[in-house]
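Please open the structure in your viewer and keep the selection tool at hand, since this tour moves from one selection to the next. At each stop, take a moment to look around before reading on.

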Amino acid sequence: NTNKAYTPNYGSSDATEIDANALTGASIPTGKHPWTLTLDPGIDKIYVVNEDSATLSIIDGATKAVKDVQVGEIPFAVAFNPVTHRVYVLSYGDSSMAVIDPNTATVIRTVKLDAQPSAVTVNARTGAIYVAEQKTGNVVVYSGSSYAKLGSVKSGTIPYAMATDSS
C-alpha cells in the first residue's frame, strides 16, 4: 500500500503523484495533454492517456520511469484487467482500442470499434470488455481473449463513463 493518489494535468502535460501521508505532490512528465488515467496496484503501474500526443504513458510507481506507447488518434479512455494486467486504450478519433502489455510497453493488438468510443471498463472475473459508443448510444461487449464482439446493449444518449462490478 503506497497511499498515493494521481491526477493528470491537461494544461501542464504531466501527472501529479500525491503522497497522502506527507500531503506533498511530485510532478511526473507525460505526453501532451494527459486526459485521464488509471492504475494497476498489482504491478505498481500508472497508465496516463495523452490526448494530443496519441500515447499512453506507463509510469513505474516505484521508480517514476515513464515509457510512452503510441496508440490511436485522440485517445480518450483507459481501463485495465487486474488479472491479466492488459491495458485497454480507446481512441475516439479512429474508433479503435489498443490492447497493451504494460510489461513490454507494446501494443499487442488493435481492435477496430464501431463508432466513437467514449468509455471502457473490464470485468476482471469474466474478462469481458465493455465499450460505450457516443455516436450510437450503445455499450458493446467484447471478449477479453479473442476481442470478438459478443453483442451490444442500447444505452442512453452519449454514454460517457463506465464501471464494472466483477463480484
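Begin with the hairpin of β12 and β13, where 6 residues lie between the strands, and pick out G127, which takes a positive phi near 85°. Keep in mind throughout that this is a predicted model.

**The two strands of the hairpin**

Now select β12 and β13 together, and you will see two strands that run antiparallel and are joined by 5 bridges. Within this pair, V120 stands opposite V131 in β13. If you color β12 by accessibility, 6 of its 6 residues turn out to be buried, so the strand is largely enclosed by the rest of the structure.

**Into the nonpolar core**

Which residues have the most contacts inside the largest nonpolar core? Select Y88, M97, V120, I129 and V131, which hold that place in a core of 15 residues. The elements that give two or more residues to this core are β8 (75-80), β9 (87-91), β10 (96-101), β12 (117-122), β13 (129-133) and β14 (138-142). As general background, nonpolar side chains in soluble globular proteins tend to be buried together.

Stay with V131 and display its surroundings: leaving aside neighbours within four places in sequence, V131 is in contact with several residues, among them L90, M97, L113 and M162. The contacts of V131 also include P117, A119 and V120, as well as N138, V139, V140 and Y142. There is also a second, separate core of 13 residues, which you can find by selecting V49, I58, V71 and A105, all four of which it includes.

**A loop residue that is buried**

Next, go to the loop between β13 and β14 and select Q134. Is Q134 buried or exposed? Its relative accessibility is 15%, and because buried means under 20%, Q134 counts as buried. When neighbours within four places in sequence are left aside, the residues in contact with Q134 include F76, Y92, A115 and Q116, and also S118, I158, P159 and Y160.

**Salt bridges**

For the next stops, show the charged side chains; the count comes to 5 salt bridges. In general, side chains of opposite charge can pair when their charged atoms come close.

Select R86 and D101, whose side chains meet in a salt bridge at 3.5 Å, N to O. This pair links distant parts of the chain, with R86 in the loop between β8 and β9 and D101 in strand β10, 15 residues apart. R86 counts as partly exposed at 24% relative accessibility, whereas D101 is buried, with a relative accessible area of 14%.

Move on to D114 and K149, which form a salt bridge whose closest N and O atoms are 2.6 Å apart. D114 lies in the loop between β11 (106-112) and β12, and K149 lies in strand β15 (residues 149-154), so the pair ties together parts that are 35 residues apart in sequence. D114 is partly exposed, with a relative accessible area of 46%, and K149 also counts as partly exposed, at 46% relative accessibility.

Then select K4 and E17, whose side chains meet in a salt bridge at 3.8 Å, N to O. K4 is in strand β1 (residues 4-9) and E17 is in strand β2 (residues 14-19), so this pair ties together parts that are 13 residues apart in sequence. K4 is partly exposed, with a relative accessible area of 29%, while E17 is buried, at 8%. Add K64 to the selection, and you have K4, E17 and K64, which are linked in a network of salt bridges.

**From E17 to A26**

With E17 still in view, select A26, which touches A15, T16 and E17 when residues up to four places away in sequence are not counted. A26 has its place in strand β3 (residues 24-29), and at 34% relative accessibility it counts as partly exposed. For a sense of distance, draw a line between the C-alpha atoms of A26 and A65, which are 39 residues apart along the chain and separated by 13 Å.

**Last stop: the surface**

Finally, show the surface and select Y10, W35 and Y160, which form a nonpolar patch with about 310 Å² of accessible area together. Of these residues, W35 is found in strand β4 (residues 34-40), and W35 is partly exposed, with a relative accessible area of 34%. You have met Y160 before, as one of the residues in contact with Q134.

Key:
Residues numbered from 1 in each chain as written. Predicted model: local features only at pLDDT ≥ 70, side-chain atom pairs only at ≥ 80, totals over all residues. Heavy atoms only, no water. Patch = residues over 30% accessible without salt bridge, like charges linked within 9 Å, V, L, I, M, F, W, Y side chains within 5 Å. Areas by Shrake-Rupley, 256 points an atom, 1.4 Å probe, with all protein chains shown as cover. Salt bridge = Lys/Arg side-chain N within 4 Å of Asp/Glu carboxyl O. Helix = DSSP H or I, 4+ residues; strand = E, 2+ residues; numbered from the N terminus. Buried < 20%, exposed > 50% of the residue type's maximum accessible area, 1.4 Å probe, protein only. Contact = heavy atoms within 4.5 Å. Core = buried A, V, L, I, M, F, W, Y, C linked by side-chain atoms within 4.5 Å. Pairing = 2+ DSSP bridges.
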